[in-house]
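Grab a pencil and work through these short exercises. Each one sets a task and then walks through the solution.

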Amino acid sequence: MGRNLMGRNWMRVMFPPLASFLAFAAAGCGHAPGYPGPAPIPPGQVVDFNTLYSHNCSACHGVNGQNGPAVDLGNPEYQALVDDTTLRKWISNGFPDTEMPAFAQSAGGMLTDAQIGAIVTGMRQHWGAQNAFEGATPPPYAADKSGDPHDGAQLYKSRCAICHSSSSGEITSASYLALVSDQSLRTMIVAGRPDTGQPDWRHDSPGGKLTTPLSSSDVDDIVAYLATLRNPGAGPSSPASTSTASPGRAASSPASAQPAASAHTGGNQK
Ligand code: HEC
Ligand code: HEC
């Protein structure tokens, strides 16, 4: 009993300062501790973009949306390609079978709708750019159809392998592809990754020299090809959620985007 009480007291002494430190940190460090300042903002009410982004996103998407392990959100071409509804959907619900977590409270995350709105608006303000495509029209964000993996294999040879040689061809490895959705592949092929040197759909050659831009259906085909490499030995023994050989994990392709070539064994209708 005495011990318990002491335990409680210890918690009472330790936790309020910890809680206010966290709230202080979440409020963006406007004032040093001990100095007079506005009352700490409860974490659920923080709507400052920089605070929200650095606490929740930068570990994976990089400081300023660059040089992280996951898609560079700071790429102006990405911001121009994707609409608000899609951004909200991704951030709220995450993406199954990838590292992208769900952030909406309604999906078990920690952020309110207002906070997710603040992140979307903040990304536009910080990273959007007028005329990001310099007048060109990129293939749309979402796949229009399921691609043809055979055409995709040819395109991969002529358009991608020049940089992604088999020795450094980790993007064709099943272990890389297992972690990345079809949509994410499409995003990176269309918008590029200026932070790592992956060209966008137009500058598809070493040195960024202009070649024939990839069409939307070229991108569909290349993604379909990569998807066939994701799970090459797929069979009844694979885990249920990814148990089919069909490359049907695209984030926002219509449900009808079932590749006609693969057996319809179900289990991938997301
Ligand atoms: C001009 C050279 C070049 C060409 C052509 C090229 N890439 Fe890349 N790609 C890169 C570089 C550089 C990286 C970054 C390498 C790294 O992250 O280690 C990269 C990275 C990637 C990534 C990983 C992105 C990530 O961050 O996870 C994918 C996927 C990719 N490329 C797909 C393709 C596809 C598909 C094509 C053909 C349509 C293609 N690339 C053509 C240079 C190129
Ligand atoms: C634990 C790592 C991780 C964290 C934290 C994380 N993400 Fe992601 N995010 C990813 C990965 C990995 C992907 C690609 C998923 C895929 O392959 O579909 C992704 C994808 C996305 C996409 C979709 C990209 C596209 O192709 O259109 C958006 C938007 C995004 N994240 C925003 C955010 C925001 C905003 C935050 C913070 C609130 C965040 N992410 C936090 C790992 C993370």
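**Exercise 1.** Work out how the shell around ligand 2 divides by residue character, and where its residues come from.

*Solution.* Start with the split: 17 nonpolar, 7 polar and 1 charged. Here Ala, Val, Leu, Ile, Met, Phe, Trp, Tyr, Cys and Pro count as nonpolar, Asp, Glu, Lys and Arg as charged, and the others, Gly among them, as polar. Next, the shell holds 25 residues, with Cys57, Cys60, Ser181, Ser184 and Thr187 the closest; a residue is near if its C-beta atom, placed from the backbone, lies within 6 Å. Then look at the elements: α3 (58–61), α5 (84–93) and α9 (182–191) each give two or more residues. Finally, domain 1 (43–132) and domain 2 (149–237) each supply at least three.

This is a predicted model, so local features need pLDDT of at least 70 and side-chain atom pairs count only at 80 or more, while totals for chains, interfaces and linings use all residues. Residues are numbered from 1 along each chain as its sequence is written, with chains lettered from A and ligands numbered from 1 in the order written.

**Exercise 2.** Classify the crossing of α2 and α6.

*Solution.* The axes of α2 (49–56) and α6 (113–127) come within 9 Å and cross at roughly 105°. That makes the pair roughly perpendicular (65 to 115 degrees). On the α2 side, Phe49, Leu52 and Tyr53 make the contact; α6 answers with Gln115, Ala118, Ile119, Gly122 and His126 (C-beta atoms within 7 Å). Sort them and you get 5 nonpolar, 3 polar and no charged.

**Exercise 3.** Is threonine 228 buried or exposed?

*Solution.* Find threonine 228 in helix α10 (216–230). It has 20 C-beta neighbours inside 10 Å, so it counts as buried (20 or more; exposed is 12 or fewer).

Methods. Helices (H or I, at least four residues) and strands (E, at least two) are DSSP runs, numbered from the N terminus. Domain bounds come from an automatic or database domain assignment. Axes are lines fitted to C-alpha atoms, for helices over the stretch in contact, and angles run from 0 to 180 degrees between N-to-C directions. Angles under 35 degrees count as roughly parallel, over 145 as roughly antiparallel, 65 to 115 as roughly perpendicular and the rest as oblique. Two residues are in contact if their C-beta atoms, placed from the backbone, lie within 7 Å.
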